[in-house]
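The exercises below are meant to be worked with the coordinates open beside the text. Each task is followed by a solution that proceeds step by step.

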Amino acid sequence: MTQAIQAQQRGILLSEAALKQVKSLRDKQGTDFCLRVGVRQGGCSGMSYMMDFEDTSKITPQDEVFDYDGFKIVSDRKSLLYLYGLMLDYSDAMIGGGFQFTNPNANQTCGCGKSFGV
């Protein structure tokens with residue numbers, strides 16, 4: 001896992017590699033999106049991670065917003081109950097590469113790493 005970006009206490013942590021990758025993906029979209037991270041029921045372990053770009057105008061007062069040098073990560077408060085302390089990392093390895101979730105709240109995870117149980 002790469003070094004986490006250190007700053008004020010944040011509920012969702014990003015590695016430098018993950019921040020670089022999400023900024024690159026956002027820049028390809030050609031607009032100023034934030035990254036919404038959440039959970040939903042489903043997946044092999046009971047809950048699945050979700051993340052997608054979203055227009056910043058859709059941020060609501062019920063959302064928690066974490067700022068990474070102008071790049072915003074957004075999560076609804078219900079999802080944050082399951083995600084608080086989540087470390088999002090990124091690897092460009094040919095095998096096992098992509099985004100990886102390290103969730104201190106999960107007591108089980110599936111082999112693909114995209115779903116968890118509490």
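A residue is called buried when its relative accessible area is under 20%, and exposed when that area is over 50%. The model to which this cut-off is applied here is a predicted one.

**Exercise 1. Decide whether Asp-89 is buried or exposed, and find the side chain that it joins in a polar contact.**

Solution. Begin by placing the residue: Asp-89 belongs to strand S6, which covers residues 86-91. Next, take its relative accessibility, which is 5%; because this value is under 20%, Asp-89 counts as buried. Finally, look for its polar partner, and the side chain of Ser-15 is found to be joined to that of Asp-89 by a polar contact of 2.6 Å.

**Exercise 2. Describe the overall architecture of the protein in terms of its helices and strands, its burial and its surface.**

Solution. Counting the elements gives two helices and nine strands, and reading them along the sequence gives the pattern β-α-β-β-β-β-α-β-β-β-β. Turning to burial, 39% of the 118 residues count as buried. The accessible surface comes to about 6,800 Å², and carbon and sulfur atoms account for 50% of it. As for contacts between residues at least 6 apart in sequence, 51% of them join residues at least 24 apart.

**Exercise 3. Identify the residues with the most contacts inside the largest nonpolar core, and the strand that gives the most to this core.**

Solution. The largest nonpolar core has 22 residues, and within it Leu-35 and Ile-73 are those with the most contacts. Strand S2, residues 33-41, gives the most to this core, contributing four residues. To follow one of the two residues further, list the neighbours of Leu-35, leaving aside residues up to four places away in sequence: among them are Val-22, Met-51, Phe-53, Phe-71, Val-74 and Leu-88, as well as Ile-73 itself. The list also includes Asp-52 and Lys-72.

**Exercise 4. Classify the aromatic pair formed by Phe-33 and Phe-53, and explain what it ties together.**

Solution. The protein has three aromatic pairs. In one of them, Phe-33 and Phe-53 lie 6.4 Å apart from centre to centre, with 25° between the planes, and the pair is therefore stacked, since planes under 30 degrees apart are classed in that way. Phe-33 lies in strand S2 and Phe-53 in strand S3 (residues 47-55), so the pair ties together parts that are 20 residues apart in sequence. As a last step, check burial: Phe-33 is buried, with a relative accessible area of 18%, and Phe-53, at 18% relative accessibility, also counts as buried.

Technical notes
Residues are numbered from 1 along each chain as its sequence is written. This is a predicted model: local features need pLDDT of at least 70, side-chain atom pairs count only at pLDDT 80 or more; totals for chains, interfaces and linings use all residues. Side-chain values use heavy atoms; hydrogens and water are left out. A nonpolar core is a set of buried Ala, Val, Leu, Ile, Met, Phe, Trp, Tyr and Cys residues joined through side-chain atoms within 4.5 Å. Buried means under 20% relative accessible area, exposed over 50%, partly exposed in between (1.4 Å probe, protein chains only). Contact means heavy atoms within 4.5 Å. A polar contact is a pair of N or O atoms within 3.5 Å; within protein, one must be able to donate a hydrogen and the other to accept it, and residues adjacent in sequence count only if both atoms are side-chain atoms. Accessible areas come from the Shrake-Rupley method with a 1.4 Å probe; for residues, only the protein chains shown count as cover. Rings of Phe, Tyr and Trp (its six-membered ring) pair if their centres lie within 6.5 Å; planes under 30 degrees apart count as stacked, over 60 as edge-to-face and the rest as tilted.
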